[in-house]
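The following exercises are to be worked with the sequence and the model side by side. Each task is followed by a solution in steps.

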Amino acid sequence: MLKVDILRKRRRQRSRTRLKAKAGTRPRLSVFRSGKNIYAQVIDDKEGVTLASASSIEKDLRSSVKNGGGKEAAAAVGKLVATRATAKG
């Protein structure tokens, strides 16, 4: 069991190192879509912080969108995360 844990940590470190090397000055957009909802984050890999995030679970989006995992919800979440990210600079 110990070997599995060590290998998992090595994989994690390898992927994080690659992300930091390729990051440059640009933040990364991470999107996760489940069957019912959609989530988006703008991540700065150099600093290791999340700059902005949005999801279809939030109250203001939940009331305006019929299905949390559909195209309308994806567009609304995209607009919301874009406005939050531009506000952060």
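**Exercise 1. A salt bridge within one helix**

In which helix do D5 and K9 both lie, and how many residues apart are they?

Solution. The model is a predicted one, in which local features need pLDDT of at least 70 and side-chain atom pairs count only at pLDDT 80 or more, while totals for chains, interfaces and linings use all residues. Residues are numbered from 1 along each chain as its sequence is written, and side-chain values use heavy atoms, with hydrogens and water left out.

Step 1. Both residues belong to helix α1, residues 2–23, and are four residues apart, about one turn of the helix. Helices (H or I, at least four residues) and strands (E, at least two) are DSSP runs numbered from the N terminus.

Step 2. The side chains of D5 and K9 form a salt bridge at 3.6 Å, N to O. The term requires a side-chain nitrogen of Lys or Arg within 4 Å of a carboxyl oxygen of Asp or Glu.

Step 3. D5 is partly exposed at 30% relative accessible area, whereas K9 is exposed at 54%. Buried means under 20% relative accessible area, exposed over 50%, and partly exposed in between (1.4 Å probe, protein chains only).

**Exercise 2. The second salt bridge**

Determine how many salt bridges the whole structure contains, and locate the one formed by R84.

Solution. Step 1. A search of the whole structure yields two salt bridges.

Step 2. R84 pairs with E58, and their closest N and O atoms are 3.0 Å apart. This pair links distant parts of the chain, since R84 is in helix α3 and E58 is in the loop between β3 and α2 (59–64), 26 residues apart.

Step 3. R84 has 32% relative accessibility and therefore counts as partly exposed.

**Exercise 3. Assembling the sheet**

Establish the strand order of the sheet and the direction of pairing.

Solution. Step 1. The sheet is open and has three strands in the order β1-β2-β3, paired antiparallel. Because β1 (28–33) and β3 (49–55) stand at the edges with a single partner strand each, one side of each has no neighbour in the sheet. From one strand to the next, the twist averages 20°. Two strands pair if DSSP finds at least two bridges between them.

Step 2. Consider β1 and β2. Six bridges join these antiparallel strands, and a hairpin connects them through four residues. F32 stands opposite Y39 in β2. Of the six residues of β1, the number buried is zero, so the strand lies largely in the open.

Step 3. Consider β2 and β3. Strand β2 (residues 38–44) is joined to antiparallel β3 by six bridges, with I43 opposite T50 in β3. Their hairpin has four residues between the strands, and G48 in the turn has a positive phi of about 75°.

**Exercise 4. The helix across the sheet**

Which strands does helix α3 lie across, and how far is A82 from A52, C-alpha to C-alpha?

Solution. Step 1. Helix α3 (residues 71–88) lies across β2 and β3 and runs at about 150° to β3. Axes are lines fitted to C-alpha atoms, for helices over the stretch in contact, and angles run from 0 to 180 degrees between N-to-C directions.

Step 2. A82, found in helix α3, is separated from A52 by 8.3 Å between C-alpha atoms, although the two are 30 residues apart along the chain. T83, also in helix α3, is 9.0 Å from A52, C-alpha to C-alpha, at 31 residues apart in sequence.

Step 3. Both helix residues are partly exposed: A82 has a relative accessible area of 38%, and T83 has 47% relative accessibility.

**Exercise 5. A residue of β3 and its contacts**

Is S55 buried or exposed, and which residues does S55 touch?

Solution. Step 1. S55 lies in strand β3 and is buried, with a relative accessible area of 11%.

Step 2. Not counting residues up to four places away in sequence, S55 touches I38, Y39, L61 and V77. Contact means heavy atoms within 4.5 Å.

Step 3. Of these contacts, Y39 lies in strand β2 and is partly exposed at 30% relative accessible area.
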